Structures are given as structure tokens and as C-alpha cells.
Amino acid sequence: MAPDQKDPVRMSYAQTVTAADLRAHLEVLASDAYEGRETAKKGQKMAAEYIKNRFRELGIPELPSGGYYQNVPLEEFLPGNGTVTAGTQSFSFGKDFFYTSGTTDQNLTAPEMVFAGYGIETKGWKDYGKQKHTGKVVIILADEPVDATGKSMITGTTEKSDWSTQRRLKINSARDRGAKALFIVLPEYEKRKQEMQHAIETTTLQLKGVKDEPRMPVLYISPQMANALLGEKTDVLALREKINRKGKSKSIAVKQPCSIVIQREKREVITENVLGYLEGSDLKNELIVITAHYDHIGMEGNVVFNGADDDGTGTVTILELAEAFVKAKKDGKGPRRSILFMTVSGEEKGLLGSEWYSEHPVFPLSQTVCNLNIDMIGRSDPEHEKDTAAYLYLIGSDKLSSQLKVVSETANNTYCGIKLDYRYDAPDDPNFFYYRSDHYNFARKNVPVIFYFNGTHADYHKETDEVNKINFPLMERRARLVFYTAWEIANRDARIVVDKK
Ligand SMILES: [Zn+2]
């Protein structure tokens with residue numbers, strides 16, 4: 001069959017991938033009952049159960065090892081421990097300081113400390129100037145200088161600058177100057193600690209046994225602790241008043257060592273990748289892996305982050321694709337190569353489920369022809385919001401195999417007519433999407449990938465990423481593109497060739 005001729009057989013199975021079915025599954029998985037599907041939590045387990053039951057209902061057999069799950073062992077870390085000592089003084093987690101999740105364990109001593117104003121370095125305000133603080137603990141004030149009328153000295157208006165709102169800025173500035181640790185003084189310590197409770201209570205997950213490089217610790221400290229560190233005569237809040245009043249920074253050298261020990265609380269947990277394996281016919285030893293992550297970011301208080309687009313859409317697309325290929329197989333039109341429909345967990349915690357799979361593949365990676373990864377295909381980004389033409393970003397399609405992109409384009413031109421956008425393949429693209437979803441764990445093992453993505457939008461990682469904002473007809477077209485591409489790769493005579501590095 002010429003590639004540009006329409007094949008009624010595959011079209012008939014593509015038509016089983018429907019907007020109505022996609023919606024029906026998504027309305028369950030992205031409902032509040034699933035609590036935002038946070039990795040290793042109740043909602044994620046419920047979602048795993050739903051996907052597993054669907055695979056079973058379709059008649060997909062259990063894995064050779066039994067069941068449908070690949071267990072992924074994790075370690076969960078929680079802020080909760082730590083001591084800072086300087087001279088004869090000792091400070092403890094919670095009472096005097098705290099750190100947020102994402103902080104690594106520490107055991108370090110710095111020979112000196114330095115107070116460096118607000119830790120801001122920008123046009124018109126210089127807390128560092130040319131000074132380096134290599135190896136020291138740098139102590140700075142939170143927020144930014146304001147004058148007597150409440151205007152920021154950075155913006156010149158009552159609006160705060162990014163230095164107050166983007167914590168990365170101050171952290172990077174201190175790190176660039178060689179700081180060994182950063183202490184940020186919170187004027188209203190108890191109140192701010194309350195406000196940051198979620199960031200403290202969120203756990204960090206890692207694959208079991210993986211050691212992480214310690215990162216520069218960032219501790220939020222009380223004014224009392226700052227006073228004690230800076231010396232008896234210093235009142236850090238009075239010092240702040242003085243800096244604000246004079247409109248000029250002030251630095252204080254403290255020639256005293258400071259030690260930081262952080263040992264986070266740790267417990268072992270398990271999450272699950274859910275695998276539906278459909279055996280091929282004459283080329284069954286070769287495999288196509290179609291992935292989407294079914295985990296999302298959980299809840300904050302009572303607010304549920306349902307992650308309808310991210311990545312409920314990819315998850316339910318997998319269910320629909322599995323149904324289509326199972327039907328084809330029942331009719332004797334099954335794929336020649338095997339297909340693994342795999343919904344992975346731990347993506348939002350750092351691509352953990354796919355990393356575990358790529359290190360412990362259930363089917364050999366050498367036999368894995370390609371990975372098609374779907375992560376967010378139900379929405380439009382701001383640029384396309386008013387556009388009626390269907391579009392989709394494809395990422396990585398020609399990075400390892402030039403054939404893969406050709407197959408994908410042919411499938412699209414023949415059956416789908418979606419405007420494919422490759423802008424994120426640009427090597428200088430600052431978003432690095434190629435590294436940011438589960439396909440990357442296949443690509444780094446030299447398995448060719450395509451990442452299907454609608455781009456980010458205002459609801460990305462917000463509680464407003466809801467089912468009622470999904471464009472199901474558009475999603476259906478995109479899901480069918482994945483179907484046609486998979487069909488071609490699964491059934492063509494020659495395996496896709498890896499011809500690039
Ligand atoms: Zn995602």
C-alpha cells in the first residue's frame with residue numbers, strides 16, 4: 001500500500017478512538033475523588049486501579065511476571081530535622097529556622113558568615129557589588145527595600161519586584177558569589193512559616209538507592225536567630241529600618257564558624273507503573289512503547305489539582321489506543337510488532353517511573369523500536385487559543401531516527417491533517433521540553449521518541465486544569481495521530497532505524 005493512500009482498515013480502528021470515550025475516562029480520573037493523583041498517595045493508587053481494570057476489561061493479559069504493575073521503589077523525604085551551631089549557640093528546626101522540601105541532607109561547616117543586606121544585585125541597588133563570599137554562610141533579609149511611603153526602591157512603585165517574589169533570584173545570586181549556605185531572615189517569622197507550610201510539608205521523592213548531590217542549603221531564619229548570629233549588639237530589624245531609611249545597603253562580616261546539619265525524615269514508599277502488553281504477531285519480539293504519566297501534583301489543603309490536561313489527557317489516550325489495537329487483534333488485524341501501553345507514575349516528581357522502567361525494562365530496550373509519549377494534548381496554548389486549525393507540538397521526532405519523523409509526517413498527511421509544529425526541537429530553545437517528560441528516559445537509552453504536547457497554558461499546574469476546559473474534538477484528532485503513527489511503526493516491514501546520535 002502506498003503510504004499516501006488511505007487504508008480503510010486502520011481508519012476503521014482509528015474511529016474507535018472517540019471524543020466521547022476520552023471524556024468518559026477523563027471525567028473519572030480527573031475528578032476530585034482522585035485527589036490530584038499524587039505519586040504514592042491514595043489518588044494515584046486509585047488511578048492505577050482504574051487503568052489496570054480497564055486493561056483487564058479489554059482482555060489484555062497480565063504481564064509474564066503477573067499483574068499489570070511494575071512496582072517502583074521510592075524514598076520519601078520530609079523536612080523536619082536539623083541543627084545550626086555557631087560558637088556555643090545552637091538553633092533548631094521549626095523554632096529558629098526551617099527549610100522547604102527539595103533541600104538535600106547536609107553536614108557542613110563554613111569558617112565565616114556575612115550579612116549582605118537584602119541579597120539583591122540589580123541596577124540601582126547593590127548588596128554585593130564586587131564582593132565574593134566564597135565558602136561563607138550568607139545572611140540576607142527577605143523581600144526588598146521600601147521607602148517611607150511604601151514604594152519599592154527597586155521598582156520605584158508600590159509593586160514589588162521579582163526579587164521579592166522569585167526566590168530563585170536571591171538564591172542564584174548568593175550561589176554565584178560562592179556562598180556555602182544562604183540564611184534568609186523573615187521579619188514575621190511565625191506568620192511566614194504558616195504561609196509556607198505547604199512547601200515545608202510537600203515531600204521529595206527519589207528512586208530508592210539514588211544518592212543526590214547536596215545542594216546549597218537555604219534556611220529561613222527568625223530575626224532572633226539572626227541577632228544571635230550577628231552578635232549581641234545587632235538588631236536585624238532595626239538594621240533593616242536603617243537600610244530602608246538611608247536607601248543604601250550595609251554588610252557585616254562575622255568571623256565565626258557556623259555548622260549546619262540537616263537530616264531529613266525518610267520513609268520508603270512504592271508507586272506503580274501500569275503496563276498493558278499486547279503481543280504482536282510475526283515480529284512480536286520487537287516492541288513499541290506508548291507512554292503517558294498518570295500522576296499529577298495532588299492537593300494543597302482542600303484544593304485538588306485535577307491535572308485534566310496534565311496528563312489526564314495522555315492517560316486516557318493510552319486507554320483508547322489500547323482498545324483500538326485490541327479490537328484490531330481480535331479481528332485478526334493485530335499489530336505485527338508488540339505494543340506496550342504504559343502509564344507511568346512519578347513524572348511530576350522527576351520522571352521517576354519512566355527512569356525506573358528504563359533502568360529495569362520489562363521488555364529489552366534493544367528490542368524497543370520507539371517510544372511515543374503523550375503529555376498534555378487536550379488544550380491550546382495562548383498562541384493558538386483563537387485558532388480553529390488543529391495544531392500539535394512534536395518534539396524529538398528526528399533526534400535519533402530520521403525515519404521516525406518521516407513516518408509520523410506521512411501518517412499525519414494521509415489521515416490527520418494537523419499542523420505539526422517542531423519549534424521546540426530548536427537546540428537553543430530555552431524550555432528544554434525534550435528533557436522534561438518521560439520519553440527522555442527512552443531517548444537517553446538510544447530509543448527513538450516522539451513527544452506529543454500542546455504547549456503550556458495559564459492553567460498548567462494550577463487547580464484550574466479541569467475537564468471542562470478540554471477540547472475533546474481536537475484531542476480526538478491528536479490521539480488518532482498517535483494511533484496512525486503507532487500502527488505504521490508496528491506493521492511496516494523494516495524496523496525504524498537509529499541513524500543519529
Ligand atoms: Zn505532564
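Visitor: Let's start with Asp143: buried or exposed?
Guide: This is a predicted model, and in it Asp143 has a relative accessibility of 18%. The cut-off for buried is under 20%. With 18% against that limit, Asp143 therefore counts as buried.

Visitor: Where in the chain does Asp143 lie?
Guide: Asp143 has a positive phi of about 70 degrees, although it isn't a glycine. As for its place, look past strand β9 (137–141) and before helix α4 (162–165). Asp143 lies in the loop between β9 and α4.

Visitor: And Met376, what is its phi?
Guide: Met376 sits in the loop between β20 (368–374) and β21 (391–395). Its relative accessible area is 2%, so Met376 is buried. Met376 isn't a glycine either, yet its phi is positive, at about 80 degrees.

Visitor: Which peptide bond is cis?
Guide: Look at helix α10 (residues 308–330), where Asp311 has its place. The bond leading into Asp311 has omega near -15 degrees. That makes the cis bond the one from Asp310 to Asp311.

Visitor: On strand β2, which residues make up the covered face?
Guide: In a regular strand the side chains alternate between the two faces of the sheet. Strand β2 covers residues 83–86, and Thr83 and Thr85 sit on its uncovered face. The covered face is Val84 and Ala86.

Visitor: Which residue in β3 is the bridge partner of Thr85?
Guide: β2 and β3 (residues 89–92) pair in the antiparallel sense over four bridges. Their hairpin has two residues between the strands, and Gly87 takes a positive phi near 60 degrees there. Across the pairing, the partner of Thr85 is Ser90.

Visitor: What stands opposite Thr83 in β14?
Guide: β2 also pairs with β14 (residues 258–262), in the antiparallel sense over three bridges. In that pairing, the residue opposite Thr83 is Val261.

Visitor: How are the ring planes of Phe98 and Tyr189 set: stacked, edge-to-face or tilted?
Guide: The count of aromatic pairs comes to 26. For Phe98 and Tyr189, the ring centres are 5.8 Å apart and the planes stand at 45 degrees. Under 30 degrees would be stacked and over 60 edge-to-face, so this pair is tilted.

Visitor: How many residues apart are Phe98 and Tyr189 along the chain?
Guide: Phe98 is in strand β4 (residues 97–98) and Tyr189 in helix α6 (residues 189–195). Phe98 is buried at 1% relative accessibility, and Tyr189 is buried with a relative accessible area of 5%. The pair links distant parts of the chain, with a separation of 91 residues.

Visitor: What kind of pair do Phe483 and Tyr484 make?
Guide: Their ring centres are 5.5 Å apart. Phe483 is buried at 0% relative accessible area and Tyr484 at 6%, and both belong to an aromatic cluster that also includes Trp487. The planes meet at 75 degrees, so the pair is edge-to-face.

Visitor: How much space lies in the largest pocket?
Guide: Its lining has 43 residues, and among the closest to the centre are Ser101, Gly102 and Thr203. Domain 1 (8–74 + 270–491) and domain 2 (80–263) each give the lining at least three residues. The space in the largest pocket is about 1,500 Å³.

Visitor: By class, how many lining residues of that pocket are charged?
Guide: Elements that each supply at least two residues of the lining include α5 (167–176) and α11 (352–359). By class, the lining has 12 nonpolar and 16 polar residues. The count of charged residues is 15.

Terms used:
Residues numbered from 1 in each chain as written. Heavy atoms only, no water. 1 Å grid on protein atoms, 1.4 Å probe; cavity = no way out; pocket = protein on both sides within 12 Å on 5 of 7 lines; lining within 4 Å. Points joined across faces, edges and corners; volume = space filled by probe spheres on them. Nonpolar A, V, L, I, M, F, W, Y, C, P; charged D, E, K, R; others polar. Domains from an automatic or database assignment. Buried < 20%, exposed > 50% of the residue type's maximum accessible area, 1.4 Å probe, protein only. Pairing = 2+ DSSP bridges. Phe/Tyr/Trp six-rings, centres within 6.5 Å; stacked < 30°, edge-to-face > 60°.
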